[in-house]
Every structure is written in C-alpha cells, then in structure tokens.
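Subject: The structure I promised you

Hi,

Here is the structure we talked about, so open it up and keep it on screen while you read. My notes on what turned up follow below.

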There are 2 protein chains.
Amino acid sequence: MSQQLFEQFLEQHCLKMTQQRREIYEEILKLEDHFDVDTLLWRLKQQGKAISKATIYRTLQLLLEYGLLKKTQVSPDGAEILYDACPEGCASDNLVCTECGKVIRFNKAAVCQLCTEIAGQHGFAPSSHCLNIFALCPACQQATSKTQGEQHEKA
Amino acid sequence: MSQQLFEQFLEQHCLKMTQQRREIYEEILKLEDHFDVDTLLWRLKQQGKAISKATIYRTLQLLLEYGLLKKTQVSPDGAEILYDACPEGCASDNLVCTECGKVIRFNKAAVCQLCTEIAGQHGFAPSSHCLNIFALCPACQQATSKTQGEQHEKA
DNA sequence: GTCGCGATTGAGAATCAGTCTCAACCGCCT
DNA sequence: AGGCGGTTGAGACTGATTCTCAATCGCGAC
C-alpha cells in the first residue's frame, strides 16, 4: 500500500490531501503491520510533527471507514486494541502471543474459504472476516517450560 | 452453563457468592449469546435490581478472567464490543451482519483445526482463537437488492 | 499568481466508558 | 451471636476519544 493509494482514496471521496494527512499516513506505512494510537502519536511528536490528537483520530477514522485500516483485538479478554494497516481487499489475520504480545500477520486462502462456506450455510453473503489466534510463541514456550520446571503446580 | 458452574468457580478461587453476583450472572444467562454492558445495566435496573456500575464491571472482569465470558469485536472497524457468554472450553465464533448487527454464534471443528495448523506452522502453541465473519444476513440482502434496483450506482 | 470557498486543523473543552476509593455492609466460619 | 475479610455503592477520577469553533489551508477559477 502506498501514498498513491491513499491519494486515490481521498480524491474518490472528495477529500483533500493535506500535509497532516500525508505525514500521518507516511508514519503508518513506516510502522507497518500493527501499532496503537499512542505509538503513532508519540512517534509523530518525536519527529517534531506537531499534529493534534484530534487530527490523528480523524485521519484514523477515515482510514477505518475506507478499509485502509482495521482494528484488531489482541488479547482474548479484549484488553488491547491495535490498528492494523490492511492492504486493500486482503483480510489478513493475526497470530498473537498471549504472553509477550508479539503479532504475526498471515493470510491463508483456507481461512477465507472456510468463512465463505460458513456464511453460505447460514444464507449470509460474506464480506470480510477477522481471525485472531491466541497462542504461545516459541520464545515464550521455552520461558514457560523453564518456570514450570521449578514450580510444577499452577501459581 | 449454569449457576452451579459459576459457584464452583467462585469457590475454587476463594470468592464469595453474593446476592449481586448471583443476580448479574442470572441476567447474563437470560441474555444468552451476546450482549453489551449497557443492556445488562439497563435490564438489571428495569428489574429494580439496583446494582452499581462498579459491581457490574467488577463481576464482568471476574468472568472474563476466568474465561466464562469473552469480548468480541462486532464490526470490521472495531466499533462495538460485546460480551459473549462462553461455555467453558468452547471457543465459539460469530457470524455478524454488517447491516443490522445480528449475531449468530457457531462452533466449527474445522476452524479450530485450521487455527491449530496455522499456529503450528509458526511454532506457536495454540490456546484459543476468535473468529468473526462479517456478512450480510438474508433479510438485509433483500433490503439491499431492493435499494440497488432504484439507484444502481454507488451513492 | 492570487482569490475565495469550503474542507481541514488545533487547542482545549466535553463526553463517556470503565476504574478507583473508602466507608459501610455482608457472607461465612467459629 | 461475633468477627474477619471480602464485597459493595456512590461518586470522584481517569484516560481515550470526540466535539467545537475560530483560524488556516488546499485547490479550482480567474
């Protein structure tokens, strides 16, 4: 996804490309996969780009509306929500480590197929989906098994 | 899921079964599948059960921690979050109508299998997952196709 | 190049969901 | 019945997000 795409979107919807929108979007592209609003705010501030909170939220709102961004729940109890830059059309899913919060994005045709199938069974016309798999990453598995060696019962 | 189960959980964790907790949990059982905090608050108030906001949130927090409840994002842009009563162990998924917000819960072994497989491919040890399929329910499909008959191009 | 209009912005106020505080209260064990 | 510690309620508090509105900017028209 590029600046061009963003500009196209703005134009299509009779919106203006402003300095602020450009900077916010550039920063999102740099952040790649996923980020939270605080990080974005903080990084822009670090670069002396004094864009107001309101503008950042407004821009994120735009991106969400046009599907250039989506929100994702990154813990089973719904605690944290990150924004997740999302290449158009592609419903990318996340593999989230429940311990360290590491997120791996992936894109499996099988998931889309399954969703379409399930929706079809209920007479629904599928549009998109959102799958988060909560699991322990290799590093955290090691850490955990070590700890369990010491105290074998749960704390 | 029943009151018994809840009592077991409380006991296991050295927590007391109070009038308030019982009433909140009863109401959640009545609400079945999914609900939001406002609905719960409102319904309890309707019944003259003047349970404070704080207590309700505290109880929900408990249920979340012990996995008797989970949070679910019910729109692609992450707008609404519902609590979703969740029978133990079973990771149930949702089919959500993007138009009217109707939610259908389902439970497909194939989804779990796929998640386990994907996690495995990345060396992750799967624990749970959360899948929401966003689609148009039959009723809303009809409504939409009618509208499109009148104005065939996008608004 | 510059004019003008409507869209956009910034600063801070407002809102709102959720959390915290702490004294009063209650469940449960003895 | 008595007492301890967990639980509750009311409302203050917090922090994220949205709103307000005057000042500013982007961009098409001239």
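How many salt bridges does the rule find across the interface of chain B and chain A? The count there is zero. Before going on, please keep in mind that this is a predicted model.

**Where the two protein chains meet**

Let's stay with that interface for a moment. On the chain B side, 43 residues are in contact, and they touch 43 residues of chain A. Together, the two chains bury about 3,500 Å² between them, and carbon and sulfur atoms account for 65% of that area. In case the unit looks odd: the size of an interface is often given as the accessible area lost when the parts come together.

There may be zero salt bridges between chain B and chain A, but polar contacts are there: 13 residue pairs, with both residues at pLDDT 80 or more. If you want to find the chain B side of this interface on your screen, look for the elements that give two or more residues to it: strands S2 (69-73), S4 (93-97), S5 (103-106) and S6 (125-136), plus helices H5 (109-121) and H6 (138-150), in chain B. Of these, S6(B) provides the largest share, with twelve residues. Sorted by kind, the residues on this side of chain B are 25 nonpolar, twelve polar and six charged.

**Inside chain A**

Now zoom in on chain A. The chain is split into domain 1, covering 1-89, and domain 2, covering 91-155. Their C-alpha centres are 24 Å apart. For the contact between them, domain 1 of chain A supplies 13 residues and domain 2 of chain A supplies ten.

The area buried between these two domains of chain A is about 920 Å², with 49% of it coming from carbon and sulfur atoms. Here, too, the salt bridge count is zero. One residue pair, with both members at pLDDT 80 or more, is in polar contact between the two domains of chain A. On the domain 1 side, strand S2 (69-73) and strand S3 (81-85) of chain A are the elements that give two or more residues. S2(A) gives the most, with three residues. That side of domain 1 of chain A is made up of five nonpolar, five polar and three charged residues.

**Around DNA strand C**

Next, the DNA. There are 18 residues around DNA strand C, and the ones that come nearest are Lys16(A), Thr18(A), Arg21(A), Thr55(A) and Tyr57(B). Notice that this list draws on both protein chains.

What kind of DNA atoms does the protein meet here, sugar or phosphate, or bases? Of the atoms of DNA strand C within 4 Å of the protein, 60% belong to sugar or phosphate, and the rest to bases. You can pick out some of these pairs yourself. Thr18(A) has a polar side-chain atom 2.8 Å from a phosphate oxygen of DNA strand C. Arg21(A) has a side-chain N or O atom that is also 2.8 Å from a phosphate oxygen of this strand. For Gln20(A), the partner of a polar side-chain atom is a sugar or linking oxygen of DNA strand C, at 2.9 Å.

The elements giving two or more residues to this surface are helices H2 (19-31) and H4 (53-65) of chain A, along with helix H4 (53-65) of chain B. H4(B) gives the most, with four residues. The surface near DNA strand C has eight nonpolar, four polar and six charged residues.

**Around DNA strand D**

Which residues are closest to DNA strand D? They are Tyr57(A), Thr18(B), Gln20(B), Arg21(B) and Thr55(B), out of 19 that surround the strand. Sugar or phosphate makes up 62% of the atoms of DNA strand D within 4 Å of the protein, with bases making up the rest.

Two of the pairs here involve bases. Lys16(B) has a side-chain N or O atom 2.8 Å from a base nitrogen of DNA strand D, and Lys53(A) has a polar side-chain atom 3.5 Å from a base oxygen of the strand. Thr18(B), on the other hand, has a polar side-chain atom 2.8 Å from a phosphate oxygen of DNA strand D.

H4 of chain A joins helix H2 (19-31) and H4 of chain B as the elements that give two or more residues to this surface. H4(A) has the largest share, with five residues. By kind, the surface near DNA strand D divides into seven nonpolar, five polar and seven charged residues.

Have fun exploring!

Methods: Residues numbered from 1 in each chain as written. Chains lettered and ligands numbered in written order. Predicted model: local features only at pLDDT ≥ 70, side-chain atom pairs only at ≥ 80, totals over all residues. Heavy atoms only, no water. Domains from an automatic or database assignment. Contact = heavy atoms within 4.5 Å. Buried area = accessible area lost by both parts, 1.4 Å probe. Salt bridge = Lys/Arg side-chain N within 4 Å of Asp/Glu carboxyl O. Polar contact = N/O pair within 3.5 Å; in protein donor to acceptor, adjacent residues only side chain to side chain. Nonpolar A, V, L, I, M, F, W, Y, C, P; charged D, E, K, R; others polar. Near = heavy atom within 4 Å.
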